[in-house]
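These are my notebook entries on a single structure. I set down what I looked up, entry by entry.

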Amino acid sequence: MGKKLVIVESPTKARTIKSFLPKDYQVEASMGSVRDLPAKAVDVPASIKKEKWGRLGVDVEKGFQPFYVIPSAKSKVVKLLKDAIKDADEVVIATDEDREGESIGWHLLEILRPKVPVSRMVFHEITQEAIREALNNPRQIDTRLVRAQETRRILDRLYGYTLSPLLWKKIARGLSAGRVQSVAVRVLVIRERERRAFHSGLYWDLKAQLAPQDRGTMEFEATMIAVRGKRLAGGRDFDPSTGRIAQGKDVLLLDEKEARELQATLKSAQWKVSEVEEREEVRRPYPPFTTSTMQQEANRKLGLSAQQTMRVAQKLYEQGLITYMRTDSVNLSEQAITAARDAVSSKYGNEYLSPVPRKFTTKSKGAQEAHEAIRPAGTKMPTSSELRLEGMDAALYDLIWKRTMATQMADARLRLVSATITAGDATFRANGRRVEFAGFFRAYVEGSDDPEAAIEDRDAPLPQLRNGEALDCRDVQPISHETKPPARYSEAALVQALEREGIGRPSTYATIINTIQDRGYVRKQGQQLIPTFTAMAVTALLENYFPQLVDLNFTAQMEQTLDDIAAGDAQWLPYLTEFYSGDEGLENQVKQREENIDPREACTIRFEGLDADVRVGRFGAYLEREADGETVKATLPESVAPADLTNDEVDRVIKQKLGGAEALGLHPETGEPIYLRVGPYGPYVQLGEEAEGKKVVRTSLPKGVTPENLTLDQAIGLVGLPRTVGVHPETGKDIKTAIGRFGPYVMHNGEFASLKATDDVLTVMLPRALELFELKKLGSGKRGLVRVIGPHPADAEPIEAYVGRYGPYVKHGDLNAPVPKSMEVDAISIDDAVKLLAERAANPPEKKTKPKAKPKAKAKAK
């Protein structure tokens, strides 16, 4: 009897599923999709290349028939699967339950052509119960989901392969356009334009430190809101395009002189409470995670990019620890609700349990329902520590666990108090807040990784105040405020914006955000996503000549049509025909408008008030300006954001180009001048003049060192890199420091380790360099001693930092204490370590008792 062949996407998923299946099941991994439209010209057979549609990989003249190829990298996997199918008497497709998984399953069957029965099993978690349920309820491949995914793939190919060559011709080679990608870039560009057009406004108010006259120790703060009954101007009253009070706003704008005059008057005024308002506010828990909300919170709380979040979530899912991580649903199964309620009751107590089970409904019409929200898998809901997870696996799982717990917890109740206070002609307001019952806050506060601390922050009560009560003014100070431009998008904010507008699908956001950075449209600075000058030029071209294709509503409607195709409410072929063919189709639009696009204009960006043009070329952005009858071109550093480019920066870059930089000084050994210059990757120092055949030393300024604060001594040290810090005690070879494109590092015998933010590349010493190499081992999962922190103040015995099976810990004698996630091992001080050890000594872990061994059965006499 042959085996039953189960095909999944990844080896990890295969191993997990195999543990739940009977022995006659063989599980193999397809390593993702095994077939796709050709990605490279080398993948296209000669017979197809000669066709008009050969480059597209889609026969647009014969019903948009796609031409699929098996990439050379997948040929080995396909052979393995074909060999495995020879011994099988049944094939079970167990790819992911979404459209992409359905499509992978269909492609597998198209390639393998099994002559034995085929079934499709779907599950949203990899647990024994879920796998058994899926085996007992198989189905066939859903052709509507396959067709919807195929239509999406063809649509993206038509969009990208038709518009991208136009961008190559008109702006620069290597650029790309994409159905969702180009709209996501436009969202960022619009915000950058708003920041550039922004004019700040200045306004003043006063803050007072007050206390009840009979309870002098209970100070509180109040802010002035009105003078003689007229409301003071605030940030929302300004027109961002002028920096002045917006038309139609009847408010009082104080300047510094008026604010200080009021200060003098109010110091001698009588202060009293004129009104006290109290109200209770009820906060209800957030729904469980969808793909989008998980990405947003992981970015805010853990600092993970969308791609990193999905990578960790995929791992947790394939290990059977969470439910499927690509979902728009906020639904929880009855089993999950029961399990969560049991866990809440056990971990937090019945008083924190919601009175009745809480259920959530998905609002998105086009939600790609994968049955459930993201939650811990199974019916036990273990914590990350119970699962012995480490690092980011533990952090993300913990986030999912807490969010799931919160869904079944009681509402939080807050008491909000607002007191209106009068003093002379001025009116002040003080607000207080007290958490009366923490409810779900005990487990989860959105945007905070420490619920307990967040509860304390929310608890800011006012003293008990009465109408007419006299107050003492301890201090009153004028405060100036400046309106701020709209903030740039973080990954979390961009994901939120795209989902709100209905652009793309949450399961694709991680890929989109990664793509727009890889293609040079966006760079990441801290948490900010900053569009490049290339993004500004490409977006302007698309807006001017193909406005519909980057219109947010049009793109959202495209997404809805694709959802309708999946639901059987729309036909795929008429839709593709309308989009691409005919007089108004994309193909004809590009042909008609291409000749009207002037390449020089397309790659030129003109900013209002800027004394130079910005142009985008093959090697990036550069400035162009007329000077003394000649055109001067100068490279713009990548670090300059479009909204932050000023005439001062333009003058500096042009001046350097025309006259060269002034020398900071002379090198004490060579006598050569040292220059400070700016290149495509930012400011750098250069030793000596450029000359034919001469190798010039250039070193980028490290993070934290700016052209303004650079000293000659620092410059001498930088041009002297790499610097030898000492000899490695084990190998006898030199350890050196240097600066590369990704920052400062230490190197030894072909091994590299990055310096931390607190390290100085010019002064770091040998012990620290050795420690950095050990820390790198920690990051790669190697266990053992990381560093000696120092002597314990009680007995002078060493305190050491280790990394073990369950993470980092500190050790003193026989006492071990775990290092919390909020601490970096290399940053732990003696005081930190002593405190951790004292806490562990006061609260030792419970010793686990080993189960008694069962008595061995006596051998029967023969």
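**Entry 1: strand β8 and its partners**

I began with strand β7 (residues 202-212) and strand β8 (residues 220-227), which pair in the antiparallel sense over 4 bridges. The model I am reading is a predicted one. For a single pair in this ladder, I noted that leucine 210 stands opposite phenylalanine 220 in β8.

I then followed β8 to strand β14 (residues 426-437); these two also pair in the antiparallel sense, over 4 bridges. Here I recorded alanine 226, whose bridge partner in β14 is threonine 427.

A further pairing takes β8 to strand β9 (residues 230-231), with 2 bridges and an antiparallel run. I found lysine 230 in β9 to be the bridge partner of valine 227. The hairpin of β8 and β9 has 2 residues between the strands, and I noted that arginine 228 takes a positive phi near 50° there.

**Entry 2: the parallel sheet**

In what order do the 4 strands of the open sheet lie? I read the order as β2-β1-β5-β6, with parallel pairing. β2 (25-29) and β6 (118-120) are the edge strands; each has a single partner strand, so one side of each is left without a neighbour in the sheet. From one strand to the next, the twist averages 25°.

I next examined strand β1 (residues 3-8) and strand β5 (residues 88-93), which run parallel and are joined by 5 bridges. Within this pair, valine 91 in β5 is the bridge partner of leucine 5. Helix α3 (residues 75-86) packs on the sheet and touches β1, β2 and β5. I recorded an angle of about 165° between the direction of α3 and that of β2.

**Entry 3: helices α6 and α17**

Two packed helices are described by the angle between their axes and the distance between the axes. I therefore looked up both values for helix α6 (residues 143-170) and helix α17 (residues 552-567): the axes come within 7 Å and cross at roughly 150°. That angle makes α6 roughly antiparallel to α17, the cut-off for this term being over 145 degrees. The crossing of the two helices is right-handed.

I listed the residues that meet. From α6 they are Arg144, Leu145, Ala148, Thr151, Arg152 and Leu155; from α17 they are Met558, Glu559, Leu562, Asp563, Ile565, Ala566 and Ala567. By class, the residues of this contact divide into 8 nonpolar, 1 polar and 4 charged.

**Entry 4: arginine 195**

I turned to arginine 195, which is found in helix α7 (residues 181-197). Is arginine 195 buried or exposed? Its relative accessible area is 18%, so I entered arginine 195 as buried, the limit being under 20%.

Which residues is arginine 195 in contact with, leaving aside its neighbours within four places in sequence? I found Pro485, Pro486, Ala487, Arg488 and Ala643. I also looked up its separation from asparagine 136: the two are 59 residues apart in sequence and 58 Å apart in space, C-alpha to C-alpha.

**Entry 5: the whole chain**

I closed with totals for the protein. Its secondary structure comes to 24 helices and 33 strands, and the C-alpha trace spans about 100 × 90 × 70 Å along its principal axes. Of the 862 residues, 49% are buried. Among contacts between residues at least 6 apart in sequence, I noted that 65% join residues at least 24 apart.

Methods
Residues numbered from 1 in each chain as written. Predicted model: local features only at pLDDT ≥ 70, side-chain atom pairs only at ≥ 80, totals over all residues. Heavy atoms only, no water. Axes fitted to C-alpha atoms, helices over the stretch in contact; angles between N-to-C directions. Parallel < 35°, antiparallel > 145°, perpendicular 65-115°, else oblique. Left-handed = near helix turned anticlockwise from the far one by under 90°. Contact = heavy atoms within 4.5 Å. Nonpolar A, V, L, I, M, F, W, Y, C, P; charged D, E, K, R; others polar. Pairing = 2+ DSSP bridges. Buried < 20%, exposed > 50% of the residue type's maximum accessible area, 1.4 Å probe, protein only.
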